[in-house]
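Me: I would like to learn how to read a protein model feature by feature, beginning with its pockets. Could you take me through one?

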Amino acid sequence: MDALSRKAKSMGSLTFVSAEERTLVLDIQSLANRFVRLDISEPSRVLACVVAQSSLLEKLSARQLDDPHLIVLRETVLKGGAKEVTIGEDGVLRLQRRLCVPNVDGLRKRILEEAHNARYYNHPGATKMYRGQRPHYLWHRMKKDIVEYVARCLNF
């Protein structure tokens, strides 16, 4: 087998798969596209696991460039002006490891809804909710937004 054939085989080309096995290979690829990983390290056993990823971090990263306040903060960081604010490897702006949440597309409201309505939180009051969210998120008027959100909750 020449180098090009070995490379094609290692890249997962269907050329080296028999016609009967191609549907199985395509099904496995379809599972991989849906974040299901298969482990066949042991003979006669297949372990499947689902990999869950939060889309919130991706949305925050993409939408931070749409918030005028965060654009100014990002430029300040890039110029070396804000030492406590960092831009992570994922491109997300953080202040002391807290995610800077842009004020676009209802992202802040979505975070508040998820934090307040989660089963394990059971409609917390404003103080408990603020203390729970403060280590993870940051935005201007965060505490005021939480107080207003909890005050509008009918289940509290």
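Me: Which helix gives the most to the lining of the largest pocket?

Reply: Please keep in mind throughout that this is a predicted model. A lining can be read by asking which elements its residues come from, and here helix H4 (residues 68-78) gives the most to the lining of the largest pocket, with three residues. The lining as a whole consists of Asp67, His69, Leu70, Leu73, Cys100, Val101, Asn103, Arg108, Leu138, Trp139 and His140.

Me: How many residues of that lining are nonpolar, polar and charged, and what space lies in the largest pocket?

Reply: The lining of the largest pocket divides into six nonpolar, three polar and two charged residues, and the space in the pocket comes to about 250 Å³.

Me: Before we look at the interior, how many helices and strands does the chain have, and in what order do the elements run?

Reply: The chain has seven helices and six strands, and from the N terminus on the elements run α-α-β-β-α-α-β-β-β-α-α-β-α. Among contacts between residues at least 6 apart in sequence, 44% join residues at least 24 apart, while buried residues make up 28% of the 156 residues in the chain.

Me: Which residues have the most contacts inside the largest nonpolar core, and which helices each supply at least two residues of this core?

Reply: A core is read first through its members and then through the elements that supply them. The largest nonpolar core has 17 residues, and those with the most contacts inside it are Val101, Met129, Tyr137, Trp139 and Ile146. Helix H3 (55-63), helix H5 (107-117), helix H6 (126-133) and helix H7 (142-152) each supply at least two residues of this core. There is also a second, separate core of six residues, among them Leu70, Val77, Val85 and Leu93. If residues up to four places away in sequence are not counted, Ile146 touches Leu112, Ala126, Met129 and Tyr130.

Me: How should I read a helix by its faces, and which residues of H7 are buried?

Reply: The idea is to look down the helix axis and ask where the buried residues point. In H7, Met142, Asp145, Ile146, Tyr149 and Val150 are buried. Seen down the axis of H7, these buried residues fall within an arc of 125°, so they line one face of the helix. On the other side of H7, Lys143, Ala151 and Arg152 are exposed, whereas the cover over the buried residues of H7 includes S5, H5, H6 and S6.

Me: Which residues of H6 are buried, and which are exposed on the other side?

Reply: Met129, Tyr130, Gly132 and Gln133 are buried in H6. They cover an arc of only 165° around the axis, which puts them on the same side of H6. Lys128 and Arg131 are exposed on the other side of H6, and what covers its buried residues includes H5, strand S6 (137-138) and H7.

Me: Finally, what is the phi of Gln96, and where is Gln96 found?

Reply: Most residues other than glycine have a negative phi. Gln96, although not a glycine, has a positive phi of about 50°, and it is found in the loop between strand S4 (93-95) and strand S5 (98-100). Gln96 is exposed, with a relative accessible area of 57%.

Me: Where is the place of Arg141, and what is its relative accessible area?

Reply: Arg141 lies in the loop between S6 and H7 and is partly exposed, with a relative accessible area of 42%. Arg141 has a positive phi of about 65° although it is not a glycine.

Definitions and conventions. Residues are numbered from 1 along each chain as its sequence is written. This is a predicted model: local features need pLDDT of at least 70, side-chain atom pairs count only at pLDDT 80 or more; totals for chains, interfaces and linings use all residues. Side-chain values use heavy atoms; hydrogens and water are left out. A nonpolar core is a set of buried Ala, Val, Leu, Ile, Met, Phe, Trp, Tyr and Cys residues joined through side-chain atoms within 4.5 Å. Buried means under 20% relative accessible area, exposed over 50%, partly exposed in between (1.4 Å probe, protein chains only). Helices (H or I, at least four residues) and strands (E, at least two) are DSSP runs, numbered from the N terminus. Contact means heavy atoms within 4.5 Å. The arc is that of the directions from the helix axis to the C-beta atoms. On a 1 Å grid over the protein atoms alone, a cavity is a set of points where a 1.4 Å probe fits but cannot get out, and a pocket is an open set with protein on both sides within 12 Å along at least five of seven lines; lining residues have an atom within 4 Å of a point. Grid points are joined across faces, edges and corners, and a volume is the space filled by probe spheres set on the points. Ala, Val, Leu, Ile, Met, Phe, Trp, Tyr, Cys and Pro count as nonpolar, Asp, Glu, Lys and Arg as charged, and the others, Gly among them, as polar.
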